[in-house]
Amino acid sequence: MQARAEVLRVEHGRVWLKLTDRAGGCGRCDEPGGCHSVQISHVFGPPQGEFVLPASIPVSPGDRVLISIPDGAPLNAALVSYGLGTLLLLAGAATGSLLAPEGGGDLYAVAGGAAGLLLAWTLNRVLTRSRNWRSHLRLELAPDGACMSPPQGSQ
């Protein structure tokens, strides 16, 4: 995944960027007959589009850069964030209902589900502090126009 951005300022080894690419699916969102699906992302206000990254390349205000994230990183992050929570919620509810005395299955299922969610929340907090996990999600900067894909034949 890649997006173009403009450098706003550079200070203390960090670069402030503003996205210049228009976010959205097929690009027909606002056209007649378009789905207008991007509007749901604006429910709580328009996106800021500005953020800070470590200055891994020499840049100056006004420069255009390409931001990329490794293939599969967004999917892996979503699976860990949502998949782990869903799996542990269901496992906790099932375990709670299996351990429940006669007539208390619902209460134990709710308690087990809550325990599963709490465990998922804890594991996600631990993962976000892990350097190894974060290294797979890093954003990389390159001058606009640079090719960010790996060379052919390297695997």
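E6 is partly exposed, with a relative accessibility of 27%. In this predicted model, the side chain of E6 forms a salt bridge with that of R64, with N and O 3.6 Å apart. E6 belongs to strand β1 (residues 2–11) and R64 to strand β4 (residues 64–68), so the salt bridge ties together parts that lie 58 residues apart in sequence. R64 is partly exposed as well, at 45% relative accessible area. The points below start from the chain as a whole and then turn to the sheet, the charged pairs, the core and two single residues.

**The chain as a whole**

- The chain has 155 residues, and 21% of them count as buried.
- Its secondary structure consists of three helices and five strands.
- Read from the N terminus, the order of these elements is β-β-β-β-α-α-α-β.
- Among contacts with a separation of 6 or more, 67% join residues that are 24 or more positions apart.
- The exposed area of the chain is about 11,200 Å², and 61% of it comes from carbon and sulfur atoms.

**The sheet**

- The five strands form an open sheet in the order β3-β2-β1-β4-β5, and the pairing is antiparallel.
- Strands β3 (50–54) and β5 (140–143) are at the edges with a single partner strand each, so one side of each has no neighbour in the sheet.
- From one strand to the next, the twist averages 45°.
- As a general point, strands of a sheet pair through backbone hydrogen bonds, in a parallel or an antiparallel way.

**Pairs of strands**

- Six bridges join β1 and β2, which pair in the antiparallel sense.
- These two strands form a hairpin with two residues between them. In the turn, H12 has a positive phi of about 50°.
- R9 has W16 in β2 as its bridge partner.
- Strand β2 (residues 14–19) also pairs with β3, again in the antiparallel sense, over five bridges.
- Across this second pairing, L17 stands opposite F51 in β3, and K18 has E50 in β3 as its bridge partner.

**Charged pairs**

- How many salt bridges does the chain count? The count comes to two.
- One of them is the pair of E6 and R64 described above.
- R9 forms a salt bridge with E11, and their closest N and O atoms are 3.4 Å apart.
- R9 counts as partly exposed at 37% relative accessibility, and E11 counts as partly exposed at 35%.
- In general, side chains of opposite charge can pair when their charged atoms come close.

**The nonpolar core**

- The largest nonpolar core has 10 residues: A5, V7, V15, L17, L53, I57, V59, V65, I67 and L141.
- Strands β1, β2 and β4 are the elements that give two or more residues to this core.
- Beyond the residues up to four places away in sequence, A5 touches L17, K18, L19, T20, D63, R64, V65 and I67. Of these contacts, L17, V65 and I67 are also members of the core.

**L53, a core residue in an edge strand**

- L53 lies in strand β3, one of the strands at the edges of the sheet.
- Is L53 buried or exposed? With a relative accessibility of 9%, L53 counts as buried.
- Apart from its neighbours within four places in sequence, L53 is in contact with R14, V15, L17, I67, L139 and L141. Among these, V15, L17, I67 and L141 belong to the largest nonpolar core together with L53.
- The C-alpha atoms of L53 and W16 are separated by 6.7 Å, although these residues are 37 places apart along the chain.

**N124, a buried residue in a helix**

- Where is N124 placed? N124 is in helix α2 (residues 105–129).
- N124 has a relative accessible area of 18%. Buried means under 20%, so N124 counts as buried.
- Residues up to four places away in sequence aside, N124 touches V80, S81 and L84.

Terms used:
Residues are numbered from 1 along each chain as its sequence is written. This is a predicted model: local features need pLDDT of at least 70, side-chain atom pairs count only at pLDDT 80 or more; totals for chains, interfaces and linings use all residues. Side-chain values use heavy atoms; hydrogens and water are left out. Helices (H or I, at least four residues) and strands (E, at least two) are DSSP runs, numbered from the N terminus. Buried means under 20% relative accessible area, exposed over 50%, partly exposed in between (1.4 Å probe, protein chains only). Contact means heavy atoms within 4.5 Å. Accessible areas come from the Shrake-Rupley method with a 1.4 Å probe; for residues, only the protein chains shown count as cover. A salt bridge is a side-chain nitrogen of Lys or Arg within 4 Å of a carboxyl oxygen of Asp or Glu. Two strands pair if DSSP finds at least two bridges between them. Axes are lines fitted to C-alpha atoms, for helices over the stretch in contact, and angles run from 0 to 180 degrees between N-to-C directions. A nonpolar core is a set of buried Ala, Val, Leu, Ile, Met, Phe, Trp, Tyr and Cys residues joined through side-chain atoms within 4.5 Å.
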